[in-house]
Amino acid sequence: MSLESIPIQAYLIVSSALFCIGIWGLLNSRNAVRVLMSIELMLNAVNINLMAFSSYIDNNLIQGQVFTIFVITVAAAEAAVGLAILLSLYRNRVTVDMESFNLLKW
Amino acid sequence: MSIAITTQIICFTVLSLIILIGALGVVLLESIVYSAFLLGGVFMSVAGLYLLLNASFVAAAQVLVYVGAVNVLIIFAIMLVNKKEDLKPINDIKSRRIISTSICLTLLSLLIRVDLTNVWSLSSPQNSIGEESTIRIGEHLFSDYLLPFELASVLLLMAMIGAIVLARRDVMTKDISTGLPVDQELIEKSSEPLLTNKN
């Protein structure tokens, strides 16, 4: 085995698998907190992708790392607002079951 | 990166296994508290992957923001809403599971195929700035990414105010539409205790 470094495909496959696990959790969770956790998993998968590309394709300007910083910022804001929405939903419905939040269902 | 390639491969394999098994645990485990702590482990392992990719600053930001802020926030939210409740059974749960699983597997195979068949135009490692990446990120943030950087601060301020407005309790003494006095009690006070015995 005469590799010089880990192939970029390894990182991409890990991030693809993580993204799909996140989507599965997003579609199948009954608990609203777990839905938010799945969204965080998907954001992390995207971040791994950006970092891998930044390191292997753009390793002098590393714009992917800057993008990752911004994604982390937006993810923090999203988590704060999402959990605040969750708390106010819980106050109104006294449940975190996703199936009971069907007010906008047609 | 001056680590030997064998060490890099071992680190990468271990971190990837932790990430994937931890993520599966996050979405599959019955107890939401275990899921939250596994999520912290996944975040730490992702930070380890960033270190393997020569990005020490982003790894530190990942640990600080994700493990230190987002994960703690999630654990607090679980603590506030963790009421044992019997979920209503859904009648078509099995077909829903099958459809969503097949969608995810299809997407996964598609993504892996793209990952493996596409010819990536890799740049030569001689150009790599390596450990200087923190300096380069600082240059980016204060030159060509200055506007997004400032907008991010506005976004964080908006998110903070929005979270406070959404999560605070109603402090009005009268309902606006009906004129009846508003119940100021916490919901938790009137309902059964939060941590019921485990069944």
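How many helices and how many strands does chain A have? Select chain A and colour by secondary structure: three helices and zero strands appear, where helices (H or I, at least four residues) and strands (E, at least two) are DSSP runs numbered from the N terminus. Along the sequence the pattern reads α-α-α.

Before going further, note that this is a predicted model, in which local features need pLDDT of at least 70 and side-chain atom pairs count only at pLDDT 80 or more, while totals for chains, interfaces and linings use all residues. Residues are numbered from 1 along each chain as its sequence is written, and chains are lettered from A and ligands numbered from 1 in the order in which they are written.

**Chain A as a whole**

Keep chain A selected and orient the view along its principal axes; its C-alpha atoms fill a box of roughly 60 × 25 × 25 Å. The radius of gyration, taken over C-alpha atoms, is 18 Å for chain A, whereas a compact globule of 106 residues would have a value near 13 Å; the globule rule is 2.2 Å times the number of residues to the power 0.38. Of the 106 residues, 50% count as buried, that is, with 20 or more other C-beta atoms within 10 Å of their own (exposed: 12 or fewer; partly exposed: in between; C-beta atoms are placed from the backbone).

**A:Ala10**

Next, select A:Ala10, which lies in helix H1 (residues 8–28). A:Ala10 counts as partly exposed because it has 15 C-beta neighbours inside 10 Å. Add A:Asn60, 50 residues apart from A:Ala10 along the chain, and the C-alpha atoms prove to be separated by 21 Å.

**The side of chain A that touches chain B**

Now display both chains. In total, 69 residues of chain A are in contact with 73 residues of chain B, contact meaning C-beta atoms, placed from the backbone, within 7 Å. Select H1, helix H2 (32–56) and helix H3 (63–93) of chain A in turn: each supplies at least two residues of the side that touches chain B. The largest share of that side, 23 residues, comes from H3(A). Its residues divide into 43 nonpolar, 18 polar and eight charged (nonpolar: Ala, Val, Leu, Ile, Met, Phe, Trp, Tyr, Cys and Pro; charged: Asp, Glu, Lys and Arg; polar: the others, Gly among them).

**Confidence**

Finally, colour chain B by pLDDT, the predictor's confidence in each residue, from 0 to 100. Its mean is 86, and 85% of the residues of chain B reach 70 or more. Select residues 187–194 of chain B, where the pLDDT is below 50; beyond near neighbours in sequence, this stretch has seven contacts in the model. For the complex, the predictor gives an ipTM of 0.93 and a pTM of 0.87.

Methods: Contact = placed C-beta atoms within 7 Å.
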